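Subject: A structure for you to look through

Hi there,

Here is the structure I promised to pass on. Please open it beside this email and keep it in view as you read.

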Amino acid sequence: MDQQALLGLNPNADANFRQRALAYFEQLKVSQDAWHVCAEALAKGIYSDDHVKFFCFQVLEHQIKFRYAMLTAVQQQLVRETLMTWLQSQLMNAQPEKTFIRNKAAQVFALMFVMEYLTKWPKFFFDILTVVGLNPRGVDLYLRTLMAIDAEVVDRDIVHTGETCSLYLQETRRNTLIKDTMREQCIPSLVESWYEILHTYQHSNSELTCQCLEVVGAFVSWIDLSLIANDRFVNMLLGHMSVEVLREEACDCLFEIVNKGMDPIDKTKLVESLCQVLQAAGLFSIQQEEDVDFLARFSKLVNGMGQSLIISWSRLVKVSDMKGAQDTLQAIESKGPLMLQLLVHEDDDISSNIIGFCYDYLHILKQLPMLTDQQKSNVEAIMLAVMKKLTYDDEYNFESEWRCFTVVNDVCCVYQGEDEAMFVEYRKQLKLLLDRLAQVSPELLLEAVRRVFNTAIQSWQCTAFMEVEVAIRLLYMLGEALPASHGAHFCGDVAKASALQDMMRTLVTSGVSEYRHASVVLEFFETVVRYDKFFTVEPQHIPHVLMAFLDHRGLRHSSPKVRSRTSYLFSRFVKTLHKHMSAFIEDILSRIQDLLELSPPENGFQALLSNDDQLFIFEAAGVLIVNSEYTAERKQALMKNLLTPLMEKFTILLDKLPMEQDEGRQAALADCLNHAVGFASRTSKAFSNKQTVKQCGCSEVYRDCLQTFLPALSCPVQKEVLRSGVRTFLHRMIICLEEEVLPFIPSASEHMLKDCEAKDLQEFIPLLNQITAKFKAQVSPFLQQVFMPLVQAIFEVLARPAEENDQNAALEKQMLRRSYFAFLQTVAGSGMSEIIGNQGVENVERVLFTVIQGAVDFPDPIAQKTCFIILSKLVELWGGKDGLVGFADFIYKHMVPACFLAPLKPTFDLADAQTVLALSECAVTLKTIHLKRGPECIQYLQQEYLPSLQVSPEIIQEFCQALQQPDLKVFKNYLKIFFQRAKP
């Protein structure tokens, strides 16, 4: 081998050597005899360097995995002999190989097993066991090989080589056959070898014993359970539960045994016998155990036993074996004390592992007609445990919790530190338990929460923050645990409504919003927004809560995370309760005025709110103004006060932008301008069908905004950012201003079609589609004027050369084509075909040919479907006797062939759902042609077109009969079968 290249295998080698080693590996992978060199090196122990040995195994692995069938029978025998020779040498070496080499060797052995066990090497395990015996190094490799075989053949969590469905199914069938053959031929021998290994090494070699326990746990799910679940094996496993270095693996092994599917009565007996022995060994005394790692495994085992018993109970109830079900329920109930001890354990991992059992146990209780005193006691105990475990501990790092805070689709997203994220997930599990508790006993839950809440809130000044936070959190959680239609918690059930109303009154009058810890303040605001319907019952509390939102407790809190979340919650609070805020509107607007200021990048001042947060404040301001009881004149004045500062700043910054030389500052200015447009746009979300812009007298101010923002489209720098923002604003104004926006559209379109890229056009077309669909005939003159410039801009961008491997450019062009065809579809579908028809013969032909090309030549089923829809619509409009001149010829020369050429393309995959939809529209096109042209169409197909495709007369007759069927669905089904038969 190339010794220089091998030097690069060392992790400390420099980059050039490592690159050479990588290239050498690629060279050896395709070499005819490199595997032989590597096999000989391993068998003879030529190399002492660990990385070279690993490299040799990698070359062998590649040969077996991808090129094994190319080897002769003699060469395949040589591979087997090499591996066995290497295995024998391991028993005699002075030092064992490094772990990473043993693992790689095990993977290679496992690959050989998968390749040869069913055919040439049925004695695979016999041969290995004969060599290794009970030699500790040999046993280690044997156990590693078994785990590698599990990964190749059994483990469902590992993604295997199935690149396609057929490959995956082929691999699954092979694996099933291997397992069936192993059950018949060798599993009893393997189980016996495991017992011998455990018996031999349980006191002398904990590492091998743990490895063997892991193997037993991996294989037990698919072998005969009686081979393992018997006195000698189980007694040995239970003995391991008392040995500190073995008990975690023994726990996992017992868990796999318990999880094995079996008869419900037998499962109950197995679990009960295990529990008796475990209890006798003192393992149920949780308080005396200090090893939390073991307890986490033990909790998982108890959870498995509990859930297995519950599955048995469900199956017995289903077959009406009430005696068996009652016995199993008693067995479940007897685990209650242990379950509760683990649930309430201070270590969250231990507690988390038992939640599944608790949840399923509560599901049983939900189904019972009446609960016993003991069951009620268990429910209450679970409830108290959940409340306790929901509480933050002293070490919780709130700074780490809120690493990043952003808004996506109006929802605030939080990214957390690892430990904090785990606790948040754990809290979600506890919430599910709380919801299930509410289903079992809503009255009990309500009373328990009320007790905890009142105790904490009435003395919040001298109560630790975590106790106050969880008390408010529990009140918040009741909102989902005790569901109400549209959040109507304060009507209907008197007891529930009264309790929740009392707690909410206590919350908003207690002064707890003054608590200094951010978690408490946040929980306060979350809860008042969740129960916003409370304020419609007791509106007198709204001013106090508004003040909390607006002062140092909320939007002006010292913590950025509180300010950010409160911005969103304030917006929600205002949107829900604006009817009750009429008396405070101008006061609120005055108090938030400084929070609405646009912060240009050059002032260096750190604003209280981020740009995303400000969006919510602008929206809230808009909602207050639009829904107020003021006159239209007053609303207009207030909206002008809100938006005029934005427009003034926008004009100043837009003038600065082209003069700025530094690209970074250019980008910052463009972002700031974009935010200004976004803020104005966000205020318009306040308008509705009942409160339109016109009715509120606000048309003028939004027209002013348009006049202020549109010059940004002609700015020579940062075009993409500016155009995107203005385009979005135009979309909003089409909805809000309706026909008043039309005078602005031609100028905006002219600027957006200048110097544009594929993405610009792709994003501009939806704007035209919106205008076309909404205003139809009103915009016909404008569309006729802009149609060809737009089409030519699209053609020009599509014709630009791009690098062959530039996937981004290819994707952008594909998306632009789709947008172009969507535009044509909108025009044709809006009954405005004259926009296309009036473009002159050459231009009309050019456009029509692009549609034919889109239907046939580009392997994009989404675009193809759109093209066939366009063709159908044009045939419907122009395909009759008095249609567009020359269009009938176009139908027969181009449209009909397109309906056959497209589905006959190799890229037209009839197994793909999108392609089937395209074919469905193709059928509609043919059907529409027949409806418009009548017998002439059938005659053309019978006498000219289909014979030219070498279609037999019988099939031609069959096709034409199907086309003439009145039911379109019949023809669609036929067309699919027709092309399935026609394609090779």
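Below are my notes, going from the whole protein to a few single residues.

Please keep in mind that this is a predicted model. The protein has 47 helices and two strands, so you will be looking at helices for much of your tour. Along its principal axes, the C-alpha trace spans about 90 × 90 × 70 Å. Of the 984 residues, 51% are buried. The protein exposes about 45200 Å², and carbon and sulfur atoms supply 52% of that area.

Two further totals cover the whole protein. Take the contacts between residues at least 6 apart in sequence: 72% of them join residues at least 24 apart. There are 94 positive and 121 negative charges, and the mean positions of the two sets are 5 Å apart.

Now please find helix α37, which runs over residues 758–775. Does its length fit what a helix of that many residues should have, or what else do we find? At 1.5 Å a residue, its 18 residues should span 26 Å, and the end C-alpha atoms are indeed 26 Å apart, so the two values agree.The buried residues of α37 include L761, F764, I765, L768 and F775. D760, N769, Q770 and T772 are also among them. Here is a handy rule for reading such a list: an α-helix has 3.6 residues a turn, so residues three or four places apart point the same way. The buried residues of α37 pack against four helices: α35 (719–736), α36 (745–752), α38 (780–799) and α39 (807–829). Just after α37 comes K776, whose phi is positive, at about 45 degrees.

Let us stay in α37 and pick out N769. Is N769 buried or exposed? Its relative accessible area is 14%, which is under the 20% cut-off, so N769 counts as buried. Which residues does N769 touch, once those up to four places away in sequence are set aside? They are A822, F823 and T826. One of these makes a nice example of how a chain folds back on itself in space: N769 and F823 are 54 residues apart in sequence, yet their C-alpha atoms are 5.9 Å apart.

Next, have a look at some loops. S513 sits in the loop between α25 (494–509) and α26 (518–530). With a relative accessible area of 5%, S513 is buried, because buried means under 20%. Its side chain and that of R553 are joined by a polar contact of 2.9 Å. Leaving aside neighbours within four places in sequence, S513 is in contact with V521, F524, A548 and R553.

S320 is in another loop, the one between α15 (292–318) and α16 (322–334). Although S320 is not a glycine, its phi is positive, at about 60 degrees. At 54% relative accessibility, S320 passes the 50% cut-off and therefore counts as exposed.

Q718 also has a positive phi without being a glycine, with a value near 50 degrees. You will find Q718 in the loop between α34 (699–709) and α35. Its relative accessibility is 22%, so Q718 counts as partly exposed.

Happy exploring, and do write back with any questions!

Best wishes

Note on methods
Residues numbered from 1 in each chain as written. Predicted model: local features only at pLDDT ≥ 70, side-chain atom pairs only at ≥ 80, totals over all residues. Heavy atoms only, no water. Buried < 20%, exposed > 50% of the residue type's maximum accessible area, 1.4 Å probe, protein only. Contact = heavy atoms within 4.5 Å. Areas by Shrake-Rupley, 256 points an atom, 1.4 Å probe, with all protein chains shown as cover. Lys, Arg positive; Asp, Glu negative; His and termini not counted. Charge placed at Lys NZ, Arg CZ, Asp CG, Glu CD. Expected span 1.5 Å × (residues − 1). Polar contact = N/O pair within 3.5 Å; in protein donor to acceptor, adjacent residues only side chain to side chain.
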